[in-house]
Amino acid sequence: MTISSGIIFSHPEAAARAHCAGAPDILPFFMPFAGCKTRCLYCAQNMQTGMAYAAGAHAREAELQAASVRLRDLLTERAQRNAQAVELAFYGGTFTALPDDWPERFLAVVQPFMEAGSVLGVRCSTRPDAVSVPQLLRLKALGLRTVELGVQTFDNDVLARSLRGYDGETASAACRMVHEAGLGLGIQLLPGLPGHTPAMLAGDMRAACALRPKTMRLYPCVVVRGTGLARLYERGEYAPWTLDTAAEACASALRVAWRHGVRVIRIGVAQEPSFTENVLAGPYHPAFGSMVRGRALVPYILRRVEALGRAPRLLMAPQGVRGEFWGYRSECRPLYAAAGLEPSKVCWWGAQVFCLL
């Protein structure tokens with residue numbers, strides 16, 4: 001909106017935030033590699049979650065039994081101290097491909113806590129080739145509300161080179177199945193896989209947003225010790241994206257999500273000591289998400305400065321963007337300064353809109 005002395009505009013993520021308004025906090029419950037029939041080229045869930053992986057059929061059964069007990073204890077402890085109601089998330093494996101009736105058994109553990117109101121619903125992560133509408137409907141009846149699909153990319157060649165075992169159409173079809181079952185859809189992308197380029201990520205974002213996800217995650221590919229990708233890297237057959245390439249590509253991807261009203265709830269892999277110490281190469285950085293969000297915001301702001309038609313006198317910005325506005329180590333400050341937005345002209349307020357004067 002243009003006013004007589006300036007321009008008022010919302011945060012570019014406002015529509016996505018409104019779409020997710022009222023969503024409860026997510027309580028993750030990790031089961032690394034559980035349900036996974038193969039180990040993907042890049043995957044190191046045991047290091048990423050800090051949890052061990054049980055191999056062999058008997059060991060897996062014992063691990064699932066132990067996980068069931070661990071889950072019940074966790075939820076009981078939270079209920080006893082009247083902790084805030086949450087959405088429980090099964091992460092780290094392929095939930096819908098767990099053996100036998102284990103998905104239903106885990107949801108049965110959660111049922112009493114949903115009835116009591118301490119758990120508001122359940123989400124899970126899984127592979128695109130491990131879902132069907134009938135199964136999703138069964139799990140929905142037991143409390144499943146959201147399915148996050150590890151799509152990684154829609155590019156067939158990159159999927160093949162990464163040994164994913166499905167193609168882009170399978171991924172798209174899985175997204176449609178989640179919608180058909182009446183569940184919330186989350187899409188996870190993994191930029192920088194073998195053969196993947198920033199231009200491909202742009203295409204992935206357009207394809208993903210066209211499938212109407214409620215949320216997305218962007219996990220730039222890094223090389224972790226002990227993975228198939230590490231062996232390719234050590235033989236000189238794979239070169240990961242640089243930090244700058246990944247940050248720029250993900251900033252562009254984030255702007256696509258903003259335009260489509262899709263909220264990106266995670267950018268970059270969460271820090272875990274057992275993971276960090278085993279990263280061999282790639283765009284892994286503790287402030288990666290903030291770096292990307294700062295870069296993504298720059299052209300959004302500068303377009304308004306240009307529309308103002310004169311040197312800005314003041315920018316009132318939401319307090320919530322203060323930590324990322326200037327970018328990592330103030331890397332975005334020269335770009336703003338070139339447009340006349342020095343730090344002395346930017347201040348923060350409680351309103352959820354920008355006001356450029």
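The second largest cavity of this predicted model has a lining of six nonpolar residues, two polar ones and no charged ones. Its lining consists of Met31, Ala34, Phe90, Tyr91, Gly93, Thr94, Phe95 and Leu98. The space inside the second largest cavity comes to about 40 Å³. In total, the structure holds two cavities of 30 Å³ or more.

The largest cavity also encloses about 40 Å³. Around the largest cavity stand Leu75, Arg78, Ala79, Ala83, Gln84, Phe113, Ser118 and Val119. By class, the lining of the largest cavity splits into five nonpolar residues, two polar and one charged. The biggest contribution to this lining is from helix α3, residues 57-80, which supplies three residues.

Several residues that line the second largest cavity turn up again elsewhere. Gly93, Thr94 and Phe95, part of that lining, are among the residues that Thr126 touches. Thr126 belongs to strand β5, which covers residues 119-126. Its relative accessible area is 4%, and because buried means under 20%, Thr126 is classed as buried. Leaving out residues up to four places away in sequence, Thr126 also touches Thr96, Val131, Val147, Glu148, Leu149 and Gly150.

Phe90, another residue in the lining of the second largest cavity, leads to the nonpolar interior. The largest nonpolar core has 87 residues, and those that touch the most other members are Phe90, Phe106, Met205, Ile301 and Phe325. For Phe325, with neighbours within four places in sequence set aside, the contacts are Leu297, Ile301, Leu315, Cys332, Tyr336, Val346, Trp348 and Phe354. There is also a second, separate core of 15 residues, including Cys40, Val158, Cys221 and Tyr238.

Two of the contacts of Phe325, Leu297 and Ile301, fall within helix α12, which runs over residues 288-308. An α-helix has 3.6 residues a turn, so residues three or four places apart point the same way. Helix α12 has 21 residues and spans 31 Å from first C-alpha to last, close to the expected 30 Å. Just after α12 comes Gly309, with a positive phi of about 80 degrees.

The start of α12 can be related to a loop earlier in the chain. Ala270 sits in the loop that joins β10 (263-267) to α11 (273-276). The C-alpha atom of Ala270 is 9.7 Å from that of Phe288, a residue 18 places apart from Ala270 along the chain. Ala270 has a relative accessibility of 38%, and it counts as partly exposed because this value lies between the 20% and 50% limits.

Positive phi is also found in residues other than glycine. One of them is Asp100, where phi is near 55 degrees. Asp100 lies in the loop between β4 (86-91) and α4 (102-116). With a relative accessible area of 68%, Asp100 is exposed, because the class begins over 50%. Leu163 likewise has a positive phi, near 60 degrees. The loop that holds Leu163 connects α6 (156-161) and α7 (168-180). Is the side of the chain at Leu163 buried or exposed? At 55% relative accessibility, Leu163 counts as exposed, because this value is over 50%.

Key:
Residues numbered from 1 in each chain as written. Predicted model: local features only at pLDDT ≥ 70, side-chain atom pairs only at ≥ 80, totals over all residues. Heavy atoms only, no water. Helix = DSSP H or I, 4+ residues; strand = E, 2+ residues; numbered from the N terminus. Expected span 1.5 Å × (residues − 1). Buried < 20%, exposed > 50% of the residue type's maximum accessible area, 1.4 Å probe, protein only. Contact = heavy atoms within 4.5 Å. Core = buried A, V, L, I, M, F, W, Y, C linked by side-chain atoms within 4.5 Å. 1 Å grid on protein atoms, 1.4 Å probe; cavity = no way out; pocket = protein on both sides within 12 Å on 5 of 7 lines; lining within 4 Å. Points joined across faces, edges and corners; volume = space filled by probe spheres on them. Nonpolar A, V, L, I, M, F, W, Y, C, P; charged D, E, K, R; others polar.
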